[in-house]
Amino acid sequence: MAEQPPQNDEDRGFLRDQVTTGLSELRRAFHVLRHRGPSQLQFWFIALLVGIAAGLAALLFRKGISIIQGVVYNSKDVRALQEFVTDVDWYWIVLIPILGGLLTGWILHLFTDDGRVRTVADVIEGSALYDGRVEKRAGLASAAASIITLSTGGSSGREGPVVHLAAVISSWVCGLIKANGITGRDLLGCAVAAAVSASFNAPIAGALFALEVVLRHFAVHAFAPIVIASVAGTVINRLAFGDVTEFILPVNTTLDFYVELPAFLMLGLVCGLVAVTLMRAIFWAEDVGNHVQTLTKMPRWLRPACAGGLLGVMAIWFPHIIGVGYGTTSAALTGELLLFEAIIFTILKVAAVAITMAGRMGGGVFSPSLMVGALTGLAFGGIATSVFPNVSGSETLYALAGMGAVAAAVLGAPISTTLIVFELTGDWQTGLAVMVAVSLSTALASRLVDRSFFLTQLERRDVHLAAGPQAYLLSMFRVRNVMRDEDHPHAAAEDDIWAMIEQGIYIDPNATLEDAMPLFERNNDVFIPVATMGEEGKPPTILGALFQMDALKQYNRALAATAAEEHS
């Protein structure tokens, strides 16, 4: 054999550098494990406890609805509630939602400042603007009101109130451990994931729902604790109900790929329009309710009872609108409804949900969107299979795809909703049809509303989260916390301040940077005086000046911190 040439000094130096680098990385890894490992494990343990608590809260919420419904409607099976309602005298069908509305209105009147039920939109707002905290007192009152609503004829879902109730638990824990903003948001995500998982027996979808809808990012540091909490919530569900899916599908749900795919593209567009109709119907009904309440000077505690009366009258002839609606959803997925029934039930459910939400009765929109989607898909499938009987598969497959498509468009969460549909039904073989319909419905609906039902709700309250951090970060900072007071070494000259105030250019200290930036842009000034106006005949009180450079620096720091959190 030929003799190997000796290594030169360059090769030996390269190997030495590699060994040195490897040893340095090992020392750094050991340092991280030693100094951060225990605290990380401690946080994961807290996430596990939060997940267990949120899962138990979701379980108790669900059990509470079943118990109360069983008492007021003499129902043994919540899923088949409409079958038991038909045995109830008509006047009780009307009276029960009215009494439930009165009790709901009284609770919200006493324990909230605006008589409004807190839902997922408030959780998203708490995550973005309040370091992962939500209102505790109003949140507990909202949960109680929603249980009563869903038990006494309200036409909404249980997932929204459960998500907010879980957020109340995480907010309490955040206060207990004095969590900072990142930790608070991570714990909020843990609670939400556990609540969704416990509600649906869907651990994957629960984790992704928290990341996609509430936190609105997929940072690595949040993934592990959220998954831990989501699994904990699922275990709670399975201990109580067993490892069963929410809906049982017929065996034959196969897709003839090349032939039927265009039909599911069309279904996605139809479902997007139906989802927008559902959302806008809710907002329109809410505006009408506000106008009627103002016009008649109706006390706010009476508003849910009026909505309950309308629902009760509808339920005399169409008891399917009562409650969460999983029984009707299951009937649509198994093809037990006729075409005209699917169309009529879709219209009535949209109207019933709009009345419930406009009446401020409580509940969420996810379960109703599942029902509306399944009915829409069934109706579409019934038409498609009758027009093209030789190339169409099962119409129940269209119901499954429609269920996911409408729900995804309403929530603005195509990833987690697709997975929720899979986990709810246990059918992973028809994923292509669901994904195609979901993608088109979400793309269409997000152009016609502010991305989702929840973000549109916030936009209607002038909380601008839909456009991203660059749109809402300025609203988080008060002028008084950024301004330079009169003792600052680089304070504005007093004469210049008075000259600008005489021209009407000033800002209140309690205003936000979101209010200040348009003034800078309009007047092209270096600073804006900060002052409070006194009573008539008295001069204003000057507190200092807000400099444009200081405002921009604060904004840039906030953007950098947000980017660092989302990519860590």
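This tour moves through the structure one selection at a time and says what is found at each stop.

**Before you start**

The model is predicted, so local features need pLDDT of at least 70 and side-chain atom pairs count only at pLDDT 80 or more, while totals for chains, interfaces and linings use all residues. Residues are numbered from 1 along each chain as its sequence is written, and side-chain values use heavy atoms, with hydrogens and water left out.

**The whole chain**

Select the whole chain, which has 23 helices and 3 strands; helices (H or I, at least four residues) and strands (E, at least two) are DSSP runs, numbered from the N terminus. Of the 568 residues in the chain, 54% are buried, where buried means under 20% relative accessible area, exposed means over 50%, and partly exposed lies in between (1.4 Å probe, protein chains only). Among the contacts with a separation of 6 or more, 78% are between residues 24 or more positions apart, a contact being heavy atoms within 4.5 Å.

**The strands**

Next, select strand S3 (residues 541-547), which is largely enclosed by the rest of the structure because 5 of its 7 residues are buried. Add strand S2 (residues 527-532), which pairs with S3 in the antiparallel sense over 6 bridges; two strands pair if DSSP finds at least two bridges between them. Then add strand S1 (residues 484-485), which runs antiparallel to S3 and is joined to it by 2 bridges. Which residue of S3 stands opposite Asp485? That residue is Gly544, and Val530 also stands opposite Gly544.

While this region is in view, show the side chains of Arg484 and Phe547, where Arg484 lies over the face of Phe547 at 3.9 Å from the ring centre. A charge sits over a ring if NZ of Lys or CZ of Arg is within 6 Å of the ring centre and within 35 degrees of the ring normal. For another such arrangement, select Arg62, which lies over the face of Phe241 at 4.2 Å from the ring centre.

**Two helices**

Move to helix H7 (residues 159-177), whose 19 residues reach 27 Å from the first C-alpha to the last, close to the 27 Å expected at 1.5 Å a residue; the expected span is 1.5 Å times one less than the number of residues. Helix H7 is mostly covered, with 15 of its 19 residues buried, and it is followed by Lys178, whose phi is positive, near 55°.

Now select Ala143 in helix H6 (residues 136-151), a residue that is buried at 7% relative accessible area. Leaving aside residues up to four places away in sequence, Ala143 touches Phe61 and Leu165. The C-alpha atoms of Ala143 and Leu165 are 6.4 Å apart, although the two residues are separated by 22 positions along the chain.

**Aromatic pairs**

Finally, look for aromatic pairs: rings of Phe, Tyr and Trp (its six-membered ring) pair if their centres lie within 6.5 Å, and planes under 30 degrees apart count as stacked, over 60 as edge-to-face and the rest as tilted. By this rule there are 8 aromatic pairs. One of them is Tyr91 with Trp92, a tilted pair at 6.1 Å centre to centre with 45° between the planes. Tyr91 is partly exposed at 41% relative accessible area, and Trp92 is partly exposed at 38%.

Another is Phe380 with Tyr398, whose ring centres are 5.9 Å apart and whose planes lie at 45°, so this pair is tilted. The pair links distant parts of the chain, with Phe380 in helix H15 (residues 366-387) and Tyr398 in helix H16 (residues 395-411), 18 residues apart. Are these two residues buried or exposed? Phe380 is buried at 14%, and Tyr398 is buried at 0%.
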